[in-house]
Amino acid sequence: MKQVVNQANSDVESHRQSLLTVNNLTKHFPVSGGLFSRSRSFVQAVNGVSFEIRKGETLGLVGESGCGKSTLGRSILRLIEPTSGSVVFQGENIAQASASRMRALRREMQIVFQDPFSSLNPRMTVGEILAEPFVIHREAKGAVLKEKVLELLRHVGLPQESYHRYPHEFSGGQRQRIGIARALALRPKLIVLDEPVSALDVSIQSQILNLLCDLRDQFGLSYLFIAHDLAVIEHISDRVGVMYLGHMVELASADDLYGNPWHPYTKALLAAIPRPEMQKAGRSREILAGDVPSPVNPPSGCVFRTRCPIATELCAREKPIFREMTQGSGASHLVACHHA
């Protein structure tokens, strides 16, 4: 009994230190079929993912397309209802929160979407788009409301003349700045960035990344930054999580993960980045074979084993535990691999 109490106290203390704690989060989508369109199977988009985000931290989430990154981000905010698991935000399990409570919590949890055009209402001016969060939550009106909107435009580097213009009059990078301003409106503590620069030119990507870093430092924001570009993730993230087929396979500080990856999938992803220093050092390249298995019928044991160059019979028989290991520096490094 004493051990159980101590564990409970430890969990509570961990939640106090973390802004967001995700524990064993799962999201399965039913696949209909048959004569009466009954659910016969499930797309296992997210399977038992656990991690935490600390105050002021940026956690990068990387993986191939279709690995469940975006589904995970939206499940955390309950834009998609998770199948199971818990999401603890500032000590409160929001997976069990009522609709009215979630409405209040959305002031402190926002999202920036991938497509900067379709995420903005083309029939509304920029002023109306940025004023909407204040109106919905009854934060301001009249002259005070307009001043708050103009302040948001200044924060994201857009001129005041943008107030009366429509989204189609802006470039892709400018539209993404509008999306960031909208997410920033109510001074949230956590922002989920769902591939916010993948639709932009490379020259514009760096500008948006620098803007996000400046805003994070200025307002003490925490980010969950979702992307498939490892170079982008390395630039902005404090820690990096690697996902494969709905599972988190590795989680470590950015320096540790890029400098000393342990999971074969992470090694293969990093090997795909063209880096002159890797060629000079003579580092071997891990080339992935085969295709990503179907999330409807994933492999037994380790989901990566069908493409892994070091897979054994144990990998097919047992699912690896996402276990914590320690670097020489004492930094936490978690990996789900029998042979790490």
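**Entry 1: Asn24 and strand β1.** I began with strand β1, which covers residues 18-33 and contains Asn24. The model is predicted, and I read the backbone angles with that in mind. I noted that phi of Asn24 is near 55°, a positive value in a residue that is not glycine. I then looked up how far Asn24 is covered: its relative accessible area is 43%, so I entered Asn24 as partly exposed.

**Entry 2: Arg138.** I turned to a second positive phi outside glycine, that of Arg138, at about 55°. I located Arg138 in the loop between α4 (126-136) and α5. Its relative accessibility is 77%, and because exposed means over 50%, I recorded Arg138 as exposed.

**Entry 3: Glu92 and strand β5.** I next examined Glu92, which lies in strand β5, residues 92-93. Is Glu92 buried or partly exposed? I found 24% relative accessibility; since buried requires under 20%, Glu92 counts as partly exposed. Leaving aside residues up to four places away in sequence, I listed the residues that Glu92 touches as Val87, Ala97, Arg101 and Leu105. I also checked Glu92 against Leu20: the two are 72 residues apart along the chain, and their C-alpha atoms are separated by 9.3 Å. Leu20 falls within the residue range 18-33 of β1, the strand of my opening entry.

**Entry 4: Helix α7.** I followed helix α7 through residues 202-219, 18 residues in length. From first C-alpha to last I noted a reach of 26 Å, close to the 26 Å expected at 1.5 Å a residue. Which residues of α7 are buried? I listed Gln205, Ile208, Leu209, Leu211, Leu212, Cys213, Leu215 and Arg216. I then traced what these buried residues pack against: the strands are β3 (58-62), β7 (190-194) and β8 (222-227), and the helices are α5 (142-155), α6 (172-184) and α8 (230-236). Just after α7, I recorded a positive phi of about 65° at Gly220.

**Entry 5: The protein as a whole.** I closed with the totals. I noted 12 helices and 12 strands in the protein. Of its 340 residues, 46% are buried. How much of the contact set with a separation of 6 or more comes from residues 24 or more positions apart? I entered 63% for that share. For the accessible surface of the protein I wrote down about 16900 Å², with 49% of it belonging to carbon and sulfur atoms.

Definitions and conventions
Residues are numbered from 1 along each chain as its sequence is written. This is a predicted model: local features need pLDDT of at least 70, side-chain atom pairs count only at pLDDT 80 or more; totals for chains, interfaces and linings use all residues. Side-chain values use heavy atoms; hydrogens and water are left out. Helices (H or I, at least four residues) and strands (E, at least two) are DSSP runs, numbered from the N terminus. The expected span of a helix is 1.5 Å times one less than its number of residues. Buried means under 20% relative accessible area, exposed over 50%, partly exposed in between (1.4 Å probe, protein chains only). Contact means heavy atoms within 4.5 Å. Accessible areas come from the Shrake-Rupley method with a 1.4 Å probe; for residues, only the protein chains shown count as cover.
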